[in-house]
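Q: Could you walk me through a few packing details of this one, starting with a single core position and then moving on to cavities and rings?

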Amino acid sequence: MAGIAPPGGRAGHTVAVVAFDGVQLLDVTGPVEVFTTANRYGADYDVRVVSASGAGVATSSGLPIGVHADPSGLPRRLGTLLVPGRTDWRSAVADTALVELVADLSGRARRVASVCAGAFLLAAAGLLDGRRAATHWELAPELATAYPAVRVEADPLFVRDGEVVTSAGVSAGIDLALSLVEEDWGADVARRTARHLVVFMARPGGQAQFGAGPTPGRPRHPSVRRVMDHVAGDPAGCHTLGSLAAVGGVSARHLGRLFRDELGLTPGQYVESVRLEAARRLLDDGTGTVEEAARRAGFGSSESLRRVFQHTLGVSPTAYRTRFRTTAGSRHLVTRPPTPAGTGVTEEAGALSARG
């Protein structure tokens, strides 16, 4: 396993960003923009984007980007090594030269960070063994399966374990970079950087608010399948353990054992998860109140729904609805004076309330 270099001074802090074909564009440009913007407010980052060959790369969006140099152009000691991701992480980790480059540069860096699927490259280089780590919520199960020595956390926007920091998907690289700016140069520099970029200093909630709910695989036992279909067909129904056992044609105790064995959940936890997803859909698509969503999803009261949302998603139902129902509510209509030709010109100005 490659080691992490010991801490060094912060002055003249070099940030090396590894670029490669297929890399996600915002994984690179988001953190780079944060670090270079922070330099306006007192930071001293020397940001270098490098590729193995020193040639430019084609990003996942098809847009080519240039790089500063190959790794030989970097100073011997690095402040931060930043490894962005590629959605097709299998292609990235199959590139042995890229994995070796990450391992080599990590040994020269005071700390190592990854964005999104960049965590797979850190894991392939052995840097995450025994550590807590984050990645995009859709990829978290794959990271845990491919690298069982990594303790994957699916909800946090970023996770720090020692001198290794890993972040969730895409725009979470901005959250991660702001946290590193604050660590290096203080809250004032980070806050001024965030304000300039029109982003949150600390984004509320975790990844759970962005992801879809759990989708359990089709269970083998017919009793469990019957119960799951029954609950999914009527989330707001009266689903007691006894009534569910009757639907499944087994005893309550046996149904609980079957659910734990096949889904890793109790029947009650499964009912709550189905109701939560029903409430999310109602809040996403509907025009009703939080109270109506709670009633129609089977929570009975808005307070019950609020407790489940706060515990599971880290946000209130009202905040969730504001962020995800529509963009129209966050726009201001700006009307300009008539043009000389006498025609009115209007434009919609989006008010940025959250990154996502």
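Q: Leaving aside its neighbours within four places in sequence, which residues is Val-83 in contact with?
A: With contact taken as heavy atoms within 4.5 Å, Val-83 touches Val-102, Ala-113, Ser-114, Val-115, Gly-118, Leu-121 and Leu-122, once neighbours within four places in sequence are set aside. Keep in mind that this is a predicted model, where local features need pLDDT of at least 70 and side-chain atom pairs count only at pLDDT 80 or more, while totals for chains, interfaces and linings use all residues. Residues are numbered from 1 along each chain as its sequence is written, and side-chain values use heavy atoms, with hydrogens and water left out.

Q: And where is Val-83 found?
A: Val-83 belongs to strand β5, residues 78-83, where strands (E, at least two residues) and helices (H or I, at least four) are DSSP runs numbered from the N terminus.

Q: Does Val-83 count as buried or exposed?
A: Val-83 is buried, because its relative accessibility is 0% and buried means under 20% relative accessible area, with exposed over 50% and partly exposed in between (1.4 Å probe, protein chains only).

Q: Switching to cavities, how many of 30 Å³ or more are there?
A: There is one cavity of 30 Å³ or more, a cavity being a set of points on a 1 Å grid over the protein atoms alone where a 1.4 Å probe fits but cannot get out. The largest cavity holds about 30 Å³, with grid points joined across faces, edges and corners and the volume taken as the space filled by probe spheres set on the points.

Q: What lines the largest cavity?
A: Its lining, meaning residues with an atom within 4 Å of a point, consists of Phe-20, Pro-84, Gly-85, Arg-86, Trp-89, Ala-92, Val-93, Ala-117, Phe-120 and Leu-121. Two elements, α2 (89-94) and α4, give two or more residues each, and the largest share, three residues, comes from α2.

Q: OK, rings now: how many aromatic pairs are there?
A: The count is five aromatic pairs, where rings of Phe, Tyr and Trp (its six-membered ring) pair if their centres lie within 6.5 Å, and planes under 30 degrees apart are stacked, over 60 edge-to-face and the rest tilted. One of them joins Phe-120 and Tyr-147 edge-to-face, at 6.5 Å centre to centre and 65° between the planes. That pair links distant parts of the chain, 27 residues apart, with Phe-120 in helix α4 (residues 118-124) and Tyr-147 in the loop between α5 (140-146) and β8 (151-152).

Q: Which residues do ring pairs link into a cluster?
A: Phe-35, Tyr-45 and Trp-185 are linked that way.

Notes
1 Å grid on protein atoms, 1.4 Å probe; cavity = no way out; pocket = protein on both sides within 12 Å on 5 of 7 lines; lining within 4 Å.
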